[in-house]
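Biologist: I'd love a close look at one part of this protein with you. Could you take me through a single helix and its surroundings, and then on to the salt bridges?

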Amino acid sequence: MKTQIFSSDDLSLAKAADIIKNGGLVAFPTETVYGLGACGFMPESVNNIFKVKGRPNDNPLILHIGSYEQIYDLALEIPPQMDKLKKFMPGPLTVVLKRKSVVPDAVTAGLDTVGIRMPIQETANRFLKLCGVPVAAPSANISGKPSPTTFDHVVYDLDGKVDGIISGEVCSVGLESTVLDLSTGEPTILRPGGVTKEMLEAEIGTVYVGGDGNRPKAPGMKYKHYAPKAPLYIVEDVNEEISKHSGKKIGVMTTQNMSFDSDIIHFHLGDTPEDYAHNLFKALRFFDLSDVEVIISQDIKGGGICEAVRNRLYKAADNR
Ligand code: TXA
Ligand code: MG
């Protein structure tokens, strides 16, 4: 398949939106990561997303909307907290709500809930408005790989496999959205992200975190994720760990600005928690393109967005 590349002017986005309306697949930028979109009302197109990504079919997709009002077409009930949470829509927040029957099983993997998100990034918003329909979209990577945060990442994974790719601004957040389950009466974070627990609690009071005790997790969180090719170790003392891998080509990822011998491939994640979020997937993909045999990372401490960075880092390390 020849993949068409679209820039972000209105005419190009309208062409890309036509592909969605006609049942095709288009990857598009958002403030979190690139998504791989299909019309959320066309089950066959939605199923093609799973095929292209090699995604397990019990893992539901998020529906992306361009205007807040579309939420009423999709959700059976709007819980009272939504009044306060509207301020993050648009934004890097996905809310899980009881779904209406118009939402196909192909999107929700048969669950009676649906994840809904309204991206704030300008290109994404214009594109989704032109689509007019809710757009089902997972991250635009091959399953198991780090989510793509640049146009180049998407081309690397999906060129020749999808109808179109929109090239847009870089993904400012760099990690996937916070998934907040509002379908049970106890607001629960199923996946940490750019809208932090603290930010949510400031609006709606106590928010639980999935995976503690018997609270559910997002189905997708059980799968191996974000795995770089080389084994990744998270350590307190980077230099001590380096000494254990002598003779190997080593990659090192740090939050502090450190210097190393010239045969070590070093990626500095940046100076602020926002930088770490923005750069983590870029770093993992950078190491994949290098010939490192082992990756050593400093641990990420602290609350706020660091929770989300740590969540992805530990998954990438597969608990090493
Ligand atoms: O930032 C994002 O959320 C990006 C961009 C493209 O919007 N999308 C994204 O989609 O990360 P994906 O499919 O890679 O991750 C969606 C996560 C999965 O862990 C999935 O299990 C969970 O959200 N999810 C989706 N619908 C759900 C539902 N109805 N109930 C529980 N979890 C759900
Ligand atoms: Mg994903």
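Modeller: Happy to; what follows is a walk through helix H6, the loop before it, and then the salt bridges, ending at a helix crossing. Please keep in mind that this is a predicted model.

Let's begin with H6, which spans residues 122–131. Which residues of H6 are buried? They are Thr-123, Ala-124, Asn-125, Phe-127, Leu-128 and Cys-131. Several elements help to cover them, including helix H1 (10–21) and the strands E2 (26–28), E4 (62–64), E7 (135–137) and E8 (164–166). Where H6 ends, Gly-132 comes just after it and takes a positive phi of about 80 degrees.

Now step back to the other end of the helix. Gln-121 sits in the loop that runs between strand E6 (113–117) and H6. Is Gln-121 buried or exposed? Its relative accessible area is 7%, so Gln-121 is buried. Beyond its neighbours within four places in sequence, Gln-121 is in contact with Pro-29, Thr-30, Glu-31, Glu-169 and Val-170.

One of those contacts, Glu-31, leads us to the salt bridges. How many salt bridges does a search of the whole structure find? There are 13. In one of them, the side chain of Glu-31 meets that of Arg-117, at 2.8 Å from N to O. Arg-117 belongs to strand E6, while Glu-31 lies in the loop between E2 and strand E3 (35–39), so this pair ties together parts that are 86 residues apart in sequence. Both partners are tucked away: Arg-117 is buried at 2% relative accessibility, and Glu-31 is buried with a relative accessible area of 2%.

Another salt bridge joins Glu-176 and Arg-312, whose closest N and O atoms are 2.7 Å apart. Glu-176 is in the loop between E8 and strand E9 (178–181) and Arg-312 is in helix H11 (residues 305–317), so the pair links parts 136 residues apart in sequence. Glu-176 counts as buried at 4% relative accessibility, and Arg-312 counts as buried at 0%. There is also a network, in which salt bridges that share partners join Asp-10, Glu-122 and Arg-126.

For a pair with a partly exposed partner, look at Lys-145 and Asp-288, whose side chains meet in a salt bridge of 3.5 Å, N to O. Lys-145 lies in the loop between E7 and H7 and Asp-288 in helix H10, so this pair ties together parts that are 143 residues apart in sequence. Lys-145 is partly exposed, with a relative accessible area of 26%, whereas Asp-288 is buried at 13%.

That brings us to H7 and H10 themselves. The axes of H7 (residues 151–158) and H10 (residues 273–289) come within 11 Å and cross at roughly 50 degrees. The two helices are therefore oblique to each other, and their crossing is left-handed. Which residues meet there? His-153, Tyr-156 and Asp-157 in H7 meet Lys-282, Arg-285 and Leu-289 in H10. Sorted by class, this contact has 2 nonpolar, 1 polar and 3 charged residues.

For contrast with the buried residues, finish at Asn-22, in the loop between H1 and E2. Asn-22 counts as exposed, at 68% relative accessibility. From Asn-22 to Gly-185 it is 163 residues along the sequence and 38 Å in space, C-alpha to C-alpha.

Note on methods
Residues are numbered from 1 along each chain as its sequence is written. Chains are lettered from A and ligands numbered from 1 in the order in which they are written. This is a predicted model: local features need pLDDT of at least 70, side-chain atom pairs count only at pLDDT 80 or more; totals for chains, interfaces and linings use all residues. Side-chain values use heavy atoms; hydrogens and water are left out. Axes are lines fitted to C-alpha atoms, for helices over the stretch in contact, and angles run from 0 to 180 degrees between N-to-C directions. Helices (H or I, at least four residues) and strands (E, at least two) are DSSP runs, numbered from the N terminus. Angles under 35 degrees count as roughly parallel, over 145 as roughly antiparallel, 65 to 115 as roughly perpendicular and the rest as oblique. A crossing is left-handed if the near helix is turned anticlockwise from the far one by less than a right angle, and right-handed if clockwise. Contact means heavy atoms within 4.5 Å. Ala, Val, Leu, Ile, Met, Phe, Trp, Tyr, Cys and Pro count as nonpolar, Asp, Glu, Lys and Arg as charged, and the others, Gly among them, as polar. Buried means under 20% relative accessible area, exposed over 50%, partly exposed in between (1.4 Å probe, protein chains only). A salt bridge is a side-chain nitrogen of Lys or Arg within 4 Å of a carboxyl oxygen of Asp or Glu.
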